Amino acid sequence: MAASDSKSSTPPPPPPLSMVDEDMKGWLFKWTNYIKGYQKRWFVLSNGVLSYYRTQAEISQLCRGTISLNGATIHTEDSCTIVISNGGTQTFHLRATSEVERQRWVTELELAKAREIGHTNTDRSKEKELSANLEVSSVVSSLNTKLSELRSQSEIISKHSKALQRCLTELETIDIPPDVSTKIKAWMERANLIRIASVGMVTNCSEYLDLAQSQGNKWQKMLYNERRQRIQLVEMVDQIAREQTVLEHVANNDKQGDSTDEDDASDSCEFFDAQGGDSFDVTTNNYLVNCQSQNIIQHKSLSSSQALEKLVNEELDCSGGSSSDIDDPAESSAILTAAICSSTGLNTDRDENNKSSRMFPQLSENAKKMLEDVIKHPLKQKDKRRCRVPDKPNHPLHIWSILKNCIGKDLSKIPMPVNFSEPLSMLQRITEDFEYSNILDTAAQCKDSFEQMAYVAAFTISSYSTTVNRTSKPFNPLLGETYECDRMSDLGWKAFNEQVSHHPPISAQFCSGKEWSCWQEFSMSSKFRGKYLQAIPNGIAHLDFPASGNHYTWTKVTTTVHNIIVGKLWVDQTGDMTITNHKDGSKCRLSYIPYSYFTRDQQRKVKGYVMDKDNEIKWVINGTWDNKVEIAPVTKFEGPIESPTCQTGSYIMAWQRQAPPSDNEKYYYFTVLASQLNEIEEGVAPTDSRLRPDQRLMEFGLWDEANIEKLRLEEFQRVRNRKANAGVADSNQINENEEDDETVQENDNSAIKPLWFKRDVCKWTKKPCFTFTHEYWECKQKSDWSRCPSLF
Ligand SMILES: CC(C)CCC[C@@H](C)[C@H]1CC[C@H]2[C@@H]3CC=C4C[C@@H](O)CC[C@]4(C)[C@H]3CC[C@]12C
């Protein structure tokens, strides 16, 4: 293999562990005394020790003080203050210039502390065992004291009972009637028994104590072993996940290596910086439909992507598996920032005082030029749309390394690097629902409304055809981001989308066909559940045929992404869906059958019935969501409504999936339509997803740059939302502690109102909804974008 042949390109060996701890430096204000107050000092966090200097220049000469983080407590007093104490002699009261800055330090300090603890982990576990033993022995010793008390009490009892017996014997010597004398004998007997019982009790107690002691130790050991095994398992799973990524990587390289010499060359420069700017020529538009010799960018792994992986893994590892799992997205976002900054080497030491330049390093000239170029060359001839996007670069980073600390969390609240994204926003992704809009055109022609419903069902199923291999996350649109897609001239529909809420993320969509309109509010609650991730969509979709007045609504089924820990990610659709025709009360019930390893049946199966308002079955629907749907009219049916037996007329193919481009595994498994969605077009609103720079950089394969830009845009959005909401009533308070954009609570009171939709109450469902005002297309005609905020 080329990678090992060529010396010059062999990646450098990983640095020794101690070197991995990147130093963190910066200005902080340190409390000195009541006269001088807080003083600005230069702080350096290195090898688990925080040191400070009067100035940056002093580093090599005079250190003013240090504190070791091993075992230190780190807490925050207010939005800018950090207090670090080593539990005794030393306490540092520090102040950052902002909350973001403070959080960055806290994260790094915590990580350093965790690392220190990790280093001394073995000592610690011994210590723990020792202290656990100490705990048991202290209980045992107090039990022992109790036992000796019992013993002395029992001795007292036997003393008294002996005394009693003596008294009774004395009584016997006196002349007493014989019946009293037998009674006295019985009493003496009793006194004896008491003595024996109390001795027995003490013996039992002491045996109990022995048992407790030995058993306690046993339980303790078992618990300790279980705990150790758990940690080992977590580490093993981690290891497997990493090895899997490496193997995939090697396998991919092998595949490429087999093909051409050129590929060998690209293998060998694996760790060189991507040169996208030079190789992608927007003027010649290399991604046109008919271009035979597509000049695809050779995406070389970015020099730093490995570092990013390493950093993300390590940073998260430190807190993983322990009780300090990263629960605070602000924290993980800060980690991500740190990881990205360090991995790109863009952590500007030049301007340490400029916080924003450190948090959000500048884009390279190369990236800037590329962004400018692409905007300068929008699509001119609509018949020359591209048919693919640049190849997905190969920067292995396992999803588990990010997600393992987020079990139980909502996907929208997990800050993720673009490494797990596809270069489309959610607004664009839901526009793909119209990939098979021709089914709706056919449905519009149906005279029989039950037949129409069957076609509508086929359409709703077809929207999942693109999900089979698409396991990447679409970009979460910024609040106010829009996306228009006017394919009226070739596909017969035009769609408009706007991100109308940020928390929870809601995308509003309106699509008009020639004889139908379709709209939806798309939002979902997604939970990461360990092995898999589940998304439960909760918006309602509407379809209207004005000619017949038939109006359909439905909700979507649950999407599950499997194999988060190991294996290849795969997607399944499951659950029941009901489509209602509000005009005549007819319904269609569809079931998406979960994938099963134990069935010979077809996988990804969907089946259902169209029923009139009296539950009479009219049509049957059978198919798979990844391939085809057949429908048939019912001539006769019997049996229970849950599992009826139907006699049907002949089946009609209502939908058949078109084969996607054969090489699309190289570019996110995109269909042709998906590839065209993000192509730059003239005259779109300045808020259009196509103009989102991080997404564009990502499409080009400049992932590090895209990650930097993503952070910048999200920070920008936070500031904008905060400013806007500052004017809004106190009832809508923003949680100041939450720095990550994915955490700020928004609600209906949000000061930022949708621009092209208006809040309304749905005529059919009576639920709150967003109604399209149609002004977008009017404004577009006039090129009047005056109402658009600047988002990017
Ligand atoms: C981070 C990685 C592992 C998870 C990525 C999950 C992605 C692939 C999943 C989660 C939720 C999914 C969406 C859920 C619902 C719909 C509506 C449907 O009409 C079209 C597909 C669409 C739009 C899905 C596309 C794929 C999707 C975005």
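**View 1. The cysteines of this predicted model form zero disulfides.** Let us start with the sulfur atoms. A disulfide needs two cysteine sulfur atoms within 2.5 Å, and by that rule the count here comes to zero. Take C762: its closest cysteine sulfur belongs to C769 and lies 5.0 Å away, which is too far for a bond. C762 counts as buried because its relative accessibility is 5%. Now turn to C779, where the closest cysteine sulfur, in C788, is 7.9 Å away, so this pair is also too far apart for a bond. C779 is buried, with a relative accessible area of 5%.

**View 2. Three side chains place N or O atoms beside ligand oxygens.** Which side chain has an N or O atom 2.8 Å from an oxygen atom of the ligand? That one is K556. For D433, the distance from a side-chain N or O atom to a ligand oxygen is 3.0 Å, and for S463 it is 3.4 Å. On its own the ligand would expose 600 Å², and the protein buries 99% of that area. Helix 13 (426-431), strand 9 (473-475) and strand 18 (558-562) are the elements that each give two or more residues to the shell around the ligand.

**View 3. The shell around the ligand holds 19 residues.** The closest of these are D433, S463, R470, S472 and K556. How do the shell residues divide by character? Nine are nonpolar, five are polar and five are charged.

**View 4. D626 sits in a loop between two strands.** Look for D626 between strand 22 (617-624) and strand 23 (628-638). Is this residue buried or exposed? D626 counts as buried, because its relative accessibility is 15% and the cut-off for buried is under 20%. Leaving aside residues up to four places away in sequence, D626 touches S465, V468, R604, W655 and R657.

**View 5. The protein chain around these sites has 20 helices and 27 strands.** Stepping back for context, the chain contains 792 residues, and buried residues make up 48% of them. Among contacts between residues at least 6 apart in sequence, 60% join residues at least 24 apart. The chain exposes about 38600 Å², and carbon and sulfur atoms supply 52% of that surface.

Conventions. Residues numbered from 1 in each chain as written. Predicted model: local features only at pLDDT ≥ 70, side-chain atom pairs only at ≥ 80, totals over all residues. Heavy atoms only, no water. Near = heavy atom within 4 Å. Polar contact = N/O pair within 3.5 Å; in protein donor to acceptor, adjacent residues only side chain to side chain. Areas by Shrake-Rupley, 256 points an atom, 1.4 Å probe, with all protein chains shown as cover. Helix = DSSP H or I, 4+ residues; strand = E, 2+ residues; numbered from the N terminus. Nonpolar A, V, L, I, M, F, W, Y, C, P; charged D, E, K, R; others polar. Buried < 20%, exposed > 50% of the residue type's maximum accessible area, 1.4 Å probe, protein only. Contact = heavy atoms within 4.5 Å.
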